[in-house]
Amino acid sequence: MLLLVWLNLLPLNFSQQVPDAKEIIRLADEKMRGASSQAEMTMTIQRPDWKREIKMKSWAIGTEKSLILITSPARDRGTAFLKLDKEIWNWQPRIDREIKLPPSMMMQSWMGSDFTNDDLVRESSIVEDYSHFYKGDTVINGYSCHKVELQPKEEAAVVWGRIEAFIEKNEYFQLLIKFYDEDDFLINTQVLSDVKTVDGRVIPTRMEMIPEEQKNQRTIIQYDFLDFDIDIESNFFSKQNMRRVR
Amino acid sequence: MKNLVVLFFSLAVLSSFAQEKKEKKWLLSGYVKDLVTFNFADDSTLIDNLIHNRLNFEWFPNNNFTFHLQVRNRLFHGDLVKLLPNYAQFVDVNNDYVDLSANVVDRNTVVFQTMIDRLYIELVKEQWEIRLGRQRINWGTNLVWNPNDLFNTYSFFDFDYEERPGTDGLRVKRYLGSTSSVEFASSFNDDFDEIVMAGNWTINKGGYDISLIAGKARRDISLGVGWAGNIGLAGFRGELGYFVPYKGQAPNAFLASISADYSFESSLYLHGSVLFNSEGDENSNGAVQFLPDRLTARDLSPFKFSTLVQTSYSFHPLIGGAFAVIYYPGADGLFLNPGLTISVITNLDLDLLGQIYFDQDALGDHKAIAKLAFARVKWSF
């Protein structure tokens, strides 16, 4: 009897001593994503002498399906992006045209910001496309957190050479993410803050992307509205709806 | 009286508040542009100004029904307006069955034209989508030359008409899944031989969007195939169109438009495209149609081969540069199209553009026969 209890406890004890890096990332990813989600956000591209704001709405189911609609500025209003598995379409309402985006476009800046297209439509998955290694723990902004290193799998079409992620220990939300290129130079730092309870989840509602080479510039995404595990049909993510969504 | 004014004011405030709480059932957007054109001729420079306003109105009383109205108001003024006696007729060129344009002012120095280029109702019921009226029926998948754009062909040189022309017609579309659809469309005309009537079946297979098109395009029986996909990281698109006249003396025509594009991380974008037209001229007998005249899908280019290389680059998040080169090998004609776009403030853009065409003149000398420069300010709302 005692042995049975001991045997049962054993794997749990081990997992507490060396936390499962992949599980941490999976939980952190799930935290910001839910089974499905809907969001309204404001992206601010900030430079020392100017700034621009882009407002958008987004819907997503897991990592496979997402839809993003630009609602402001006026020039780009109605432009939409649909992602289904590995394919992405861009809808230009003014000329009634959908453009299938080539994979090379994923590395490009999203509308002049410090985020890439891939960051926004999330083509690559931080869970599936990387191998995960536990690198100890630390404290950031008063939150004690896990440090996990992500290395891209060989076959994965990802932009980064490696990623360092700092995940809060109790609620598993992301606090800090560092993106390195293939030559191991730090390229971007993402700082997450403004932790709030949204729809029963404790999550950061503000993300700042700071390029290492221009530390006086940044792009901020502030969530104005967030809802998780929404009532959404899978056929919401279609070319038909990309043209219709408001 | 005073009380009445206060009451009226309160009611107005209240009702506007109530309206704000209710979801808006309509949308008004558009822009105001000012385009200055410098036309450098041999002995003089012609300068023209165009003030251009666009209004897009959308009304959606419920989820199934949408009404679209888009108006284009243009005020032309300048040297070319003065020089061409029928300038108003010259800018009033379209595919339309119903005349929805008017030259409000048509004087020697000033032309004011107003034109409705979209006016349609749309009914959506589950997978069905029905559009009736003046609309853009865009079947092209390629970025510059579209042999499959049977209904409303546009000219690459007419850069100031971003929305591109529409067609008076009926379109019935049924979505078969998230990325596939079957569609039937017909334009309106009293003369059957001017009608474009065709079906389009679009599927997504192996990472490719593929369209199969069949129908009649004016006096031709027309067949088309279009695709959009990628080879490695590069985009790969194409359109093939075959036109067989059922009436008249025109020869069969085969058009193929193939392109590839690639985006570098640095924002550098490269795009190459080739158009083959079996009925095009091999030598310089053809004349490139620069003006927004009535093009059809079978005569996209007067030459057998047309080639394009296009590049763009963001010098700064607010400043984008672009350069397009079109070369017609048969005619040894070369078109250069540099451009710079600057975001001055939110919703205010400044464009500086050039269009230069090198070809043989009447004496057989190779020279720049057209030199145009444009400055454009655009405010979007």
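**Chat notes on chains A and B**

User: What follows H2(A), and what is the sign of its phi?

Analyst: A:Gly34 comes right after H2(A), and its phi is positive, near 65 degrees. Keep in mind that this is a predicted model.

User: How does the end-to-end distance of H2(A) agree with its number of residues?

Analyst: H2(A) covers residues 21–33, which is 13 residues. At 1.5 Å a residue the helix should span 18 Å, and its end C-alpha atoms are 18 Å apart, so the two agree.

User: Which residues of H2(A) are buried?

Analyst: A:Ala21, A:Ile24, A:Ile25, A:Ala28 and A:Asp29.

User: Why do those buried residues line one face of the helix?

Analyst: Seen down the axis of H2(A), the buried residues fall within an arc of 130 degrees, so they line one face. In general, an α-helix has 3.6 residues a turn, so residues three or four places apart point the same way.

User: And what do they pack against?

Analyst: Four strands of chain A: E7 (130–140), E8 (143–152), E9 (162–168) and E10 (174–180).

User: Switching topic. Where is the cis peptide bond?

Analyst: Between A:Ser72 and A:Pro73, with omega near 5 degrees. A:Pro73 sits in the loop that links strand E3 (65–72) to strand E4 (80–84) of chain A.

User: Which residue between E13 and H4 of chain A should I look at?

Analyst: A:Asp229, which lies in the loop from strand E13 (218–228) to H4. Its phi is near 45 degrees, positive in a residue other than glycine.

User: Why does A:Asp229 count as partly exposed?

Analyst: A:Asp229 has 14 C-beta neighbours inside 10 Å; a residue is partly exposed when that count is between the limits of 12 or fewer for exposed and 20 or more for buried.

User: What about B:Asn347?

Analyst: B:Asn347 is not a glycine either, and its phi is positive, about 70 degrees. The residue is in the loop between strand E17 (333–345) and strand E18 (348–360) of chain B. With 17 other C-beta atoms within 10 Å, B:Asn347 is partly exposed.

User: Staying in chain B, how does E7(B) pair with E6 there?

Analyst: Strand E6 (residues 128–135) and strand E7 (residues 167–175) run antiparallel, joined by 8 bridges. B:Glu129 has B:Lys173 as its bridge partner in E7(B).

User: And E7(B) with E8(B)?

Analyst: Also antiparallel, over 7 bridges, with E8(B) covering residues 181–187. B:Val172 stands opposite B:Phe184. E7(B) and E8(B) make a hairpin with 5 residues between them.

User: Last one: how many residues does each chain put into the contact?

Analyst: 28 from chain A and 31 from chain B. The side of chain A that touches chain B takes its largest share, 3 residues, from H4(A). By class that side has 11 nonpolar, 7 polar and 10 charged residues.

Notes:
Residues numbered from 1 in each chain as written. Chains lettered and ligands numbered in written order. Predicted model: local features only at pLDDT ≥ 70, side-chain atom pairs only at ≥ 80, totals over all residues. Contact = placed C-beta atoms within 7 Å. Helix = DSSP H or I, 4+ residues; strand = E, 2+ residues; numbered from the N terminus. Nonpolar A, V, L, I, M, F, W, Y, C, P; charged D, E, K, R; others polar. Pairing = 2+ DSSP bridges. Expected span 1.5 Å × (residues − 1). Arc of directions from axis to C-beta.
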